[in-house]
Amino acid sequence: MTELPKNTKFVTVLGSGMPECDGLYVPSTAPPTKSESGTMSAVGYWNEKMAWDRADGKAKRNPSLSYSNSYKAWRIARLDGHLAYDCTSEAALPPTDVTWNVYKKGVAPAPKIIMHETDPRIGAKPNVVFVLGGPGAGKGTMCELAEQ
């Protein structure tokens with residue numbers, strides 16, 4: 001395998017029928033392993049194309065957004081590792097200008113994909129929220145829900 005440049009791109013998945021698939025994806029840190037097509041992966045890559053893990057680390061399958069040589073498609077996995085969305089394309093990066101397909105374990109609508117050259121979290125201003133209410137109004141409950 002040829003030496004691949006470091007994957008420094010970030011991906012945002014938005015508007016899917018499965019909110020668990022939405023969110024920020026970071027360059028994959030999955031250790032090298034053999035793919036379903038027999039290609040040896042590298043850190044940040046799967047099947048010699050860039051690959052991404054969920055930024056929150058909740059996915060059972062890493063990379064969570066990757067390319068399949070067998071299906072010639074980009075694919076996004078649910079938190080449990082089952083595939084939810086795919087896009088048939090041999091492009092070097094996940095397509096951002098076409099509609100993705102709902103895969104076997106996905107739910108419509110298919111998501112939108114946004115590519116970032118740098119980490120969109122860097123330089124972002126934090127959200128500050130004041131939670132007001134009397135005793136027993138549910139402030140603690142609302143904060144726990146907002147945290148999720």
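By a salt bridge I mean a side-chain nitrogen of Lys or Arg that sits within 4 Å of a carboxyl oxygen of Asp or Glu, and with that in hand I can start with K9 and E117, which form such a bridge with their closest N and O atoms 2.8 Å apart. K9 lies in the segment before β1, residues 10-14, while E117 belongs to the loop between β10 and α1, so this pair ties together parts that are 108 residues apart in sequence. The two partners also stand at opposite ends of the accessibility scale, since K9 is buried, with a relative accessible area of 14%, whereas E117 is exposed at 58%. Please keep in mind throughout that what we are looking at is a predicted model.

Let me step back to the overall fold before I return to the charges. The protein chain has 148 residues, of which 39% are buried, and its secondary structure amounts to one helix and 10 strands. Going along the sequence, the strands come before the helix, in the order β-β-β-β-β-β-β-β-β-β-α. If you draw a box along the principal axes, the C-alpha atoms fill roughly 60 × 35 × 30 Å.

Now, back to the salt bridges, of which the structure holds four; I have described K9 with E117, and I will take up two others here. In one of them R54 pairs with D56, with 2.6 Å between the closest N and O atoms; R54 is buried, at a relative accessible area of 10%, and D56 is partly exposed, at 37%. In the other, D119 pairs with R121 at a closest N to O distance of 2.7 Å, and here the acidic partner D119 is the buried residue, with 13% relative accessible area, while R121 counts as partly exposed at 46%.

Next, the interior space. How many cavities of 30 Å³ or more are there? The count comes to one, and the space inside this largest cavity is about 30 Å³. Its lining consists of E36, W46, R61, S66, Y67, S68 and R75, which by side-chain class gives two nonpolar, two polar and three charged residues. Because Trp and Tyr count as nonpolar, W46 and Y67 make up the nonpolar part of that lining. Among the secondary-structure elements, strand β6, residues 65-68, gives the most to the lining, with three residues.

From the interior I turn to the surface, where V128, F130 and L132 form a nonpolar patch with about 430 Å² of accessible area together. L132 is placed in the loop between β10, residues 112-116, and α1, residues 139-147, and it is exposed, with a relative accessible area of 76%. E117, from the salt bridge I opened with, lies in that loop between β10 and α1 as well.

I would like to spend the remaining time on the backbone. As a reminder, most residues other than glycine have a negative phi, and most peptide bonds are trans. Against that background, which residues are joined by a cis peptide bond with omega of about 5°? They are N62 and P63, and P63 is found in the loop between β5, residues 52-54, and β6. A further cis peptide bond, with omega of about 0°, joins A108 and P109, and P109 sits in the loop between β9, residues 101-102, and β10.

As for phi, two residues deserve a look. N47, in the loop between β3 and β4, residues 49-50, has a positive phi near 55° although it is not a glycine, and this residue is buried, with a relative accessibility of 4%. K72, which is likewise not a glycine, has a positive phi of about 50°; it lies in the loop between β6 and β7, residues 73-77, and is partly exposed, at 37% relative accessible area.

One last residue, and then I will stop. A30 lies in the loop between β2, residues 23-27, and β3, residues 45-46, and it is buried, with 15% relative accessible area. Measuring C-alpha to C-alpha in the model, A30 and N7 are 12 Å apart in space, with their positions 23 residues apart in sequence numbering.

Methods
Residues numbered from 1 in each chain as written. Predicted model: local features only at pLDDT ≥ 70, side-chain atom pairs only at ≥ 80, totals over all residues. Heavy atoms only, no water. Patch = residues over 30% accessible without salt bridge, like charges linked within 9 Å, V, L, I, M, F, W, Y side chains within 5 Å. Areas by Shrake-Rupley, 256 points an atom, 1.4 Å probe, with all protein chains shown as cover. Helix = DSSP H or I, 4+ residues; strand = E, 2+ residues; numbered from the N terminus. Buried < 20%, exposed > 50% of the residue type's maximum accessible area, 1.4 Å probe, protein only. 1 Å grid on protein atoms, 1.4 Å probe; cavity = no way out; pocket = protein on both sides within 12 Å on 5 of 7 lines; lining within 4 Å. Points joined across faces, edges and corners; volume = space filled by probe spheres on them.
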